[in-house]
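Please look over the structure shown here. The report below takes up its ligand site, its aromatic pairs and one proline.

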Amino acid sequence: MPRKYQIAVIVGSLRAGSLNRKLAKAMAALAPDTLAFDFVEIGDLALYNPDLDTETPPAPWTRFRAEIAKADGVMFVTPEYNRAVPAAMKNALDVGSRPYGENVWAGKPGLVVSGSAGALAGFGAHHHLRQSLVVLDVPTMAQPEAYIGNLGSLFDDTGALASDDSAAFLGKIMQAYAAWVARHVD
Ligand SMILES: Cc1cc2nc3c(=O)[nH]c(=O)nc-3n(C[C@H](O)[C@H](O)[C@H](O)COP(=O)(O)O)c2cc1C
């Protein structure tokens, strides 16, 4: 039996009706069963301030760092805000990167997915995020790239993926990511 890998999922949108969260759930459901997913929440993380990073940091920072530390890999699913990652996502990256020398992201195989209601599919946010993942030492899967546009028509009224083609495309990404994780962990 191949080992099961625990993947932390971070969604860059905080809103209840987030299409990116729906997308993340759909992708998790399409993944090979060598992967198990935990959605790690970022909405309660105070803005990163080194002055607060004492021996008793804010409790949500401690909770968040522990959840990332125990994961084997991290899947980022994010909208684009003004051609960059939403502040909540960037803040989560910063919180996980400190205190200096205790970067919880290091070495965790990463998947970047950008989703947008528009046609540009969050290209700017996607690469903005990849830029930070380099210094955070996250080996991020290069191919296939996951730019998911027109999110509004990806799901039907029941919340399921509206087309078999979309399911096949997203499933292929998850298969590649499962192989990427297996290659980097252990
Ligand atoms: C502050 C803000 C800035 C935005 N900027 C962009 C943008 O630069 N590019 C884009 O494709 N969509 C942009 N959008 C639209 C979002 O992509 C769209 O609302 C998307 O559905 C948000 O993801 P969610 O459904 O997961 O919340 C922006 C939305 C907000 C709230």
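What follows is a short report on selected features of this predicted model.

## Ligand site

Eleven names make up the surroundings of the ligand: Ser13, Arg15, Ser18, Leu19, Asn20, Pro79, Glu80, Tyr81, Asn82, Arg83 and Ser116. By class, this shell has three nonpolar, five polar and three charged residues. Leu19, Pro79 and Tyr81 are the nonpolar members. Arg15, Glu80 and Arg83 carry the charged label.

Polar contacts involve both side chains and backbone. In the side chain of Ser13, an N or O atom is 2.7 Å from an oxygen atom of the ligand. At Leu19 the partner is a polar backbone atom, 2.9 Å from a ligand oxygen. Glu80 faces a nitrogen atom of the ligand instead, with a polar side-chain atom 2.7 Å away. Taken alone, the ligand exposes 630 Å², and the protein buries 70% of that.

## Aromatic pairs

The structure holds four aromatic pairs. One of them joins Phe123 and Tyr147, with ring centres 5.4 Å apart. Their planes meet at 35°, so the pair is tilted. The tilted class covers angles that are neither under 30 degrees nor over 60.

Where do the two partners lie? Phe123 belongs to helix 4 (residues 123-135), and Tyr147 to strand 5 (residues 146-148). The pair therefore ties together parts that are 24 residues apart in sequence. Phe123 has 46% relative accessibility, so it counts as partly exposed. Tyr147 is also partly exposed, with a relative accessible area of 23%. Buried would require a value under 20%.

Ring pairs also link Phe64, Phe76 and Trp105 into a cluster.

## Pro109 and its surroundings

Pro109 sits in the loop between helix 3 (87-97) and strand 4 (110-115). Is this loop residue buried or exposed? Its relative accessible area is 1%, so Pro109 is buried.

Which residues does Pro109 touch, leaving aside those up to four places away in sequence? Its contacts include Asp72, Gly73 and Val74. Val138 and Pro139 are also among them. Further along the chain, Pro109 touches Tyr177, Trp180, Val181, His184 and Val185. Ala182 is 73 residues from Pro109 along the chain, and their C-alpha atoms are separated by 9.0 Å.

Notes: Residues are numbered from 1 along each chain as its sequence is written. This is a predicted model: local features need pLDDT of at least 70, side-chain atom pairs count only at pLDDT 80 or more; totals for chains, interfaces and linings use all residues. Side-chain values use heavy atoms; hydrogens and water are left out. Rings of Phe, Tyr and Trp (its six-membered ring) pair if their centres lie within 6.5 Å; planes under 30 degrees apart count as stacked, over 60 as edge-to-face and the rest as tilted. Helices (H or I, at least four residues) and strands (E, at least two) are DSSP runs, numbered from the N terminus. Buried means under 20% relative accessible area, exposed over 50%, partly exposed in between (1.4 Å probe, protein chains only). A residue is near a molecule or strand if one of its heavy atoms lies within 4 Å of it. A polar contact is a pair of N or O atoms within 3.5 Å; within protein, one must be able to donate a hydrogen and the other to accept it, and residues adjacent in sequence count only if both atoms are side-chain atoms. Accessible areas come from the Shrake-Rupley method with a 1.4 Å probe; for residues, only the protein chains shown count as cover. Contact means heavy atoms within 4.5 Å.
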